Amino acid sequence: MPSAALLLSQAFSGFAFGTLLALMSSGLTIIFGTLGFVNFAHGAMFMLGAYAAFVVLMNTHSFVAALFAGAAVLLVVSVVLERGLLRFFYTRPPEDQLLVTFGLSVMLIEGVRFLFGSDSQRVSPPQWGKGIVDFWGLFYYPLYRVEAIGIAMVFLLALYLLLYHTSLGLMVRAGIEDRMMVGLLGIDVRRMFLVVFAVGAMAAGVAGVIFAPFSAVIPDMGTPFLVEAFVVVVIGGLGSFGGAVIGGLLVGELLSLTTAFDPAYSQASIYAVMALVLVMRPRGLFGRVGRV
């Protein structure tokens, strides 16, 4: 039986991991909800953000610059991919979308492997993130991971404000509910799709930048995050920003707390919860009838 201090530490780790999952999943859910597009390259975009952080921090030691670089790299990549290839697959069957984005994911991963090799790269936390936080003597936790929660929550708040307090967000949410009606109202759907895809990809890239100092940066690091992000989206409800946030925190806590008891069951726990949610609420916790 794990000690109380270990459980508290694991719960906090789950919250930190869950905020990053929520940030990545929010980008995935608005892409799927608005475009109806299955993006299996989302994990590779997370990985690109982490490598952008590695390159920028190695040369400038500025974490702020790394955040901007991660967002900028994914902005360019997403625009090139969406305009050059993916827009031709919006009306294609889901299996075609799955295959093309899976192929893109493999190409991006192998491209990074060609440039940086397969060896893991270490990304040190910024100078202001080094140290340990004493939580009233109950447990100790790395300072950067505490700050990473705040950074991820700032970006989640920015996404929330974009979606719920701007005209662009109104169009995106309308597109999630009824894409055909948005087009009939005279809104440039193609441009909106590009913006949605870019915003979703940038969210994944920023999540990768924040995660980079947590662990080793390797070309395949986005794959497990992608799987967990899809679980989050299914639990939270397709197209639901709030569902992505709540689902991300729930999955993060499940993975972390289950690991405290038996790491062998950590992955099984999230799939068990996902199956239970699908049985009781097939559209997810926050999914609604009429939403894609």
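Which residue's side chain meets that of E110 in a salt bridge? In this predicted model, the partner is R113, and the pair is joined with 3.2 Å between N and O. Both residues belong to helix α4, where they lie 3 residues apart, about one turn of the helix. As background, side chains of opposite charge can pair when their charged atoms come close.

The arginine of this pair has a further partner, since R113 also forms a salt bridge with D220, the closest N and O atoms again being 3.2 Å apart. This second pair links distant parts of the chain, for D220 sits in the loop between α8 (189–211) and α9 (222–236), whereas R113 is in helix α4, 107 residues apart from it. Taken together, E110, R113 and D220 are linked in a network of salt bridges. As to how these residues stand towards the surface, E110 has 39% relative accessibility and therefore counts as partly exposed, and D220, at 36%, counts as partly exposed as well. R113 has a relative accessible area of 21%, and because buried means under 20%, R113 is placed among the partly exposed residues.

The structure holds 4 salt bridges, and one that has not yet been described joins the side chains of E82 and R83, with 2.6 Å from N to O. Here the two partners fall into separate classes of accessibility: E82, at 0% relative accessibility, counts as buried, while R83, at 25%, counts as partly exposed.

Helix α4, which spans residues 94–116, also holds V106, and with this residue the account turns from charged to nonpolar side chains. V106 forms a nonpolar patch on the surface with L98, L99 and F102, and the four residues together have about 350 Å² of accessible area. V106 itself has 36% relative accessibility, so this valine counts as partly exposed.

A last feature concerns the arrangement of two other helices. Two packed helices are described by the angle between their axes and the distance between the axes. For helix α1 (residues 4–35) and helix α5 (residues 143–164), the axes come within 9 Å and cross at roughly 30°. Angles under 35 degrees count as roughly parallel, and α1 and α5 are therefore roughly parallel to each other. The crossing of these two helices, α1 and α5, is left-handed.

Terms used:
Residues are numbered from 1 along each chain as its sequence is written. This is a predicted model: local features need pLDDT of at least 70, side-chain atom pairs count only at pLDDT 80 or more; totals for chains, interfaces and linings use all residues. Side-chain values use heavy atoms; hydrogens and water are left out. Patches are made of residues with over 30% relative accessible area and no salt bridge: like charges are joined within 9 Å, nonpolar side chains (Val, Leu, Ile, Met, Phe, Trp, Tyr) within 5 Å. Accessible areas come from the Shrake-Rupley method with a 1.4 Å probe; for residues, only the protein chains shown count as cover. Helices (H or I, at least four residues) and strands (E, at least two) are DSSP runs, numbered from the N terminus. Buried means under 20% relative accessible area, exposed over 50%, partly exposed in between (1.4 Å probe, protein chains only). Axes are lines fitted to C-alpha atoms, for helices over the stretch in contact, and angles run from 0 to 180 degrees between N-to-C directions. Angles under 35 degrees count as roughly parallel, over 145 as roughly antiparallel, 65 to 115 as roughly perpendicular and the rest as oblique. A crossing is left-handed if the near helix is turned anticlockwise from the far one by less than a right angle, and right-handed if clockwise.
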